[in-house]
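Welcome! Open the structure in your viewer and follow along, selecting one spot at a time.

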Amino acid sequence: MDITADLYTRDPITHTRGRQYRANAADPASCTATIRNRDGKYTPRNPEGVYYGLLGRNTPFQISLPSTTTYLALTGAVDTASTPDAAALDITGDLDLRWEGEADWNANGAQILIGKWGEVGQRSYHLRLQDGYLYLHTTQDGSTGRFSGRVLPSLPRRAALRGTMEADNGAGGTTARLYWAPTLDGPWEQLGDDGIVSGTVAIFSSTAPLTIAPEQLDTDPTRLPVTGRVYKAQVYDGIDGTLVASPDFTAQTAGTTSFTDSAGRTWTLTSGITDRLIRFNGEVPEWPPKWAASEADAWTPIQAAGILRRMGQGQKPLQSALTRRVPSFDPVAYWPMEEGANATRAYSPIKGVSPLNLSGFDMSANDTLAGSKALPVIREGATLSGIVPMPSGSPTEWHTEFLFRMDTAPSTTQTLLQWIGTGTVKTWKIELTSSGANLHGYDADGTAVVTSLGLFPALYGKWYRWKIFATQDGTSVDWVEEWTAVGESAKAFSGNYTGTLGRISKVMGPPGYSSELAGASIGHIGVFTVADTFAYNDGDIGFAGETAAARLLRLTDEEGLSLAVSGDVSETELVGPQRPTALLDLLRECADADGGIFGEAIDRRSLVYRTRASLYNQAPKLTLDYGAGQLAPPFEPIEDDQVRNDWEVTRNGGSSGRATLTEGTLSTQDPPDGIGLYDDSVTLNLDTDEQTDPIAAWLLHLTSWDEARYPAVTVRLHKNPALIPDVLGLEVGDKIRIEGLPVRFAAGGTVELLVDGWSETFLPRKWEITFNCSPAGPWNVGEVAITEDFEDASLSVTATDGGDLPWARTQTHYNTGSWSLQSGAITNNQTSDWVVMVPTGASELTFAYRTSSEEAGTGFEGDRLTVLVDGTQVLRAQGETAWTSTTIDVTGASQVTFRYAKDNSGAVGEDAAWVDDLTFARAPMHVDTDGSELAADATSTATSLSVATTGGPVWVDSTTFPAEFPFDITVGGERMRVTGISGTASPQTFTVVRSVNGVVKEQADGTDVRLAEPAIAAL
């Protein structure tokens, strides 16, 4: 229900979200509003109120604003948009599916994006997301067929996905390819290699409609309709063939429920198209009624909160990793044995299974198994026994497994555990011996049917997972006994006997455990009807060694929560064992280990995690001009009062690493050479001790960054409406840039900041937002440049062809090596395009170009090379142009187009253009000097400086390393751009452009010289 009309405007709506400075976990988002309640309809306990029974604790609440883009909201409902079956959609040959929108790209489970996919027998094709992969799926009989999947890279919030299949690749098979792009306009980047399967196919022609999005509930995991937004979709009969469906939801007006697309397909929507952008989505925990003594006025002040608030209330520790995992594999019986010290029996989390009877154990005495709570230790005379219920059906296999630890071998043979069966083997017995272990199987007469002796002498001093499984194979029973040292590889023995399998009906120890087994630990006894189950895999080690983001996704999926990961899951830090503690604590410790940001989604009641690596080398999402009055006061820099120059990082249960800043203005040296000791420490749940040193170094880097901090940046959006689209696109952790600052108060004129959060207020004629920020500088890290010299046919960049003819490799001309790329041999009024996708994080593109073409003249354009960045021309060349190197800014761009275009007449010279030696610089690429200073005074306008190297190697010279120029240095607070360096011994002569940051000053002999943006090694 829309309550906008009932809001009091005497109090603003206030929306706050984000994290504290340097925290890795956000606080719960909040939103306050005051609702008019004179008639009592917002009083939950008012039985006469129109909303009686509808308002309660944690009632969903959201704020939305109009945006400039329409889209179809996907809530997870099936077939939100559909068009009926038609002959054009019954594609049986080559297929090309495309979809553009927003979704949780790495979410667990399967989400279908678009497809012609109905009930069994009426399924043709679909495109889906599943566990961080993109799949294209087709059938050949309406039910079964072929599919191909490839892992998704780190995608932006809005992206386009594509799947193609050649039904006959000309080599007796099919070829599937999967792609992503910023938009449906491309350029498309292929995901992985081709998916080639032998045998040609014909896609089944079903009667199902084409929908966004269908579902399939008869598979595991179930394939549900995607949740998110869809902007556009396309279906082609043939790869780049005939467009047969093309719904464009951005071209429709808000509220539209039906339309016809450009391919003639009529679409029906179960919910209308919207232009609303959700700014807050949370829950109202209470509706407190307030009223004046006269009762002339009444109101309800609410404070909605994100789901982190509810998750933080009364947190109950989660069960151990094993106890959470094993029951999901449907055991017939399972006893974790994690009870407290005074327990006399062990409960089973499996319904209908009686407790395991125990006596004489030291309960909760061994807590050394990573995936478990403390387990019991055997004492002399102890006993255990438990009944295994009869399974449903008639299973033809069984499996039993448990964990144990004994530090020293017994001197005589001792029974560890027994299982009572109903088949030919009535008793299975495991014995521990001085040389290893024995396995016996006895029939009803006590005759040995199975005997396996003296196995694995190295069974002691570690936790072992021990399992036996058996399968009926005709008149024989095949059995396997397997030991796995926890966290290591398994060893196994196997055999068979003639007879019947039966089932396991009871598990028990010896009549009384021997003193020789006293001190051994045992637990997590399970029985299954599936042989060789992997129910215990990874759970025994508490999932140690999985990435932080993978654990976040797994835990939230297990708890029925939604979490989206921004960034590459595989690049996050490896974490240690998952211990039994509260869910929120487990999630936060993952964020602490990786160093990213854990918090809440803006537009839905779900969680998000932004990886540490996703914060590196960002392009600004919002640029503010101080001089144009886009910032509201106060805007005041402060010196960071949370400097740390000595860090100790300890792995939970392991060793420590340390990093100390011993030189520089913020070092541990006494003032004035430093600031003295400011130490700190942290314990993290890491996988190995080797992780502690680099993390300590990274924390030192973050907390000793020498730059003023701007904790609050306020923008009055009602006075700067042009900024609203960029502001609405911001998320916690994004970068903003502020330009035009007064140099005398904010040295440098430009600052870049990370958004840690914000607080915004809404009134009918006022919208003000204050960003909480921290310096972005320490997140600019060194990355390897991406280069392409065309010396072989394999490209290191992602590119597509466009225009009338493609570009091609050639040896006719080249800048270096012996190859370059030449435009196509087009004729008048044609173009030849080569479109290159800008790699993530790239800031500059350096390349060489050459032209031989018709010059422009009066009344005609001539034939020319143009270079466009996201459609904006940044370079034009024509006529006879010798090889020329240039650098263009590609910060935040998606693609660069190299276009050779001809006018309507004439051809001069070779009538072509060439490019060579492309280099995408993704971040600061230069390592800083070990020590350099001016070797002579310099006036405020001097463009030639003498620089002496006082430590380490000298600077690179521009004759030997021309591709390394230009770069920026700082000298006494002034930023200069170095365009050349001559000399290979100290002192060297620098040719510079002065006052890049607006600082104008004379520079004295001996002034320190440093790189303005040195390459910092990322963690």
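Start by selecting Leu-684 in this predicted model. Is Leu-684 buried or exposed? Its relative accessibility is 6%, under the 20% limit, so Leu-684 counts as buried. Colour strand S43, residues 679–684, and you will find Leu-684 in that strand.

Now show what surrounds Leu-684. Leaving aside neighbours within four places in sequence, Leu-684 is in contact with Asp-592, Ala-593, Val-649, Thr-650, Arg-651, Asn-652 and Ile-695. Try a distance label too: between the C-alpha atoms of Leu-684 and Gly-653 there are 9.4 Å, while the two residues are 31 places apart along the chain.

Next, select helix H3, residues 548–558. How many of the residues of helix H3 are buried? Eight of the eleven are, so this helix is largely enclosed by the rest of the structure. To see them, pick Ala-548, Ala-549, Arg-551, Leu-552, Leu-553, Arg-554, Leu-555 and Thr-556. Then bring up the cover over these buried residues: it includes helix H2 (321–325) and helix H4 (583–594), along with strands S37 (563–566), S38 (597–600) and S39 (607–610). Before leaving, look just after H3 for Gly-560, which has a positive phi, near 75 degrees.

Helix H2 deserves a stop of its own, as Arg-325 is found there. Which side chain of opposite charge is nearest to Arg-325? It is Asp-538, 5.0 Å away; Arg-325 is buried yet has no salt bridge. Show its contacts next: apart from neighbours within four places in sequence, Arg-325 touches Phe-534, Ala-535, Tyr-536, Asn-537, Gly-539 and Phe-543.

From there, move to Ala-343, in the loop between strand S23 (333–335) and strand S24 (345–346). With 25% relative accessibility, Ala-343 counts as partly exposed. Draw a line from its C-alpha atom to that of Phe-361: the separation is 9.2 Å, for residues 18 places apart along the chain.

For the last stop, turn on the surface and select Glu-933, Asp-937, Glu-1002 and Asp-1005, which gather there in a patch of negative charge. Zoom in on Glu-1002, which sits in the loop between strand S63 (988–993) and strand S64 (1009–1011). Its relative accessible area is 61%, over the 50% limit, so Glu-1002 is exposed.

Terms used: Residues numbered from 1 in each chain as written. Predicted model: local features only at pLDDT ≥ 70, side-chain atom pairs only at ≥ 80, totals over all residues. Heavy atoms only, no water. Patch = residues over 30% accessible without salt bridge, like charges linked within 9 Å, V, L, I, M, F, W, Y side chains within 5 Å. Areas by Shrake-Rupley, 256 points an atom, 1.4 Å probe, with all protein chains shown as cover. Salt bridge = Lys/Arg side-chain N within 4 Å of Asp/Glu carboxyl O. Lys, Arg positive; Asp, Glu negative; His and termini not counted. Charge placed at Lys NZ, Arg CZ, Asp CG, Glu CD. Helix = DSSP H or I, 4+ residues; strand = E, 2+ residues; numbered from the N terminus. Buried < 20%, exposed > 50% of the residue type's maximum accessible area, 1.4 Å probe, protein only. Contact = heavy atoms within 4.5 Å.
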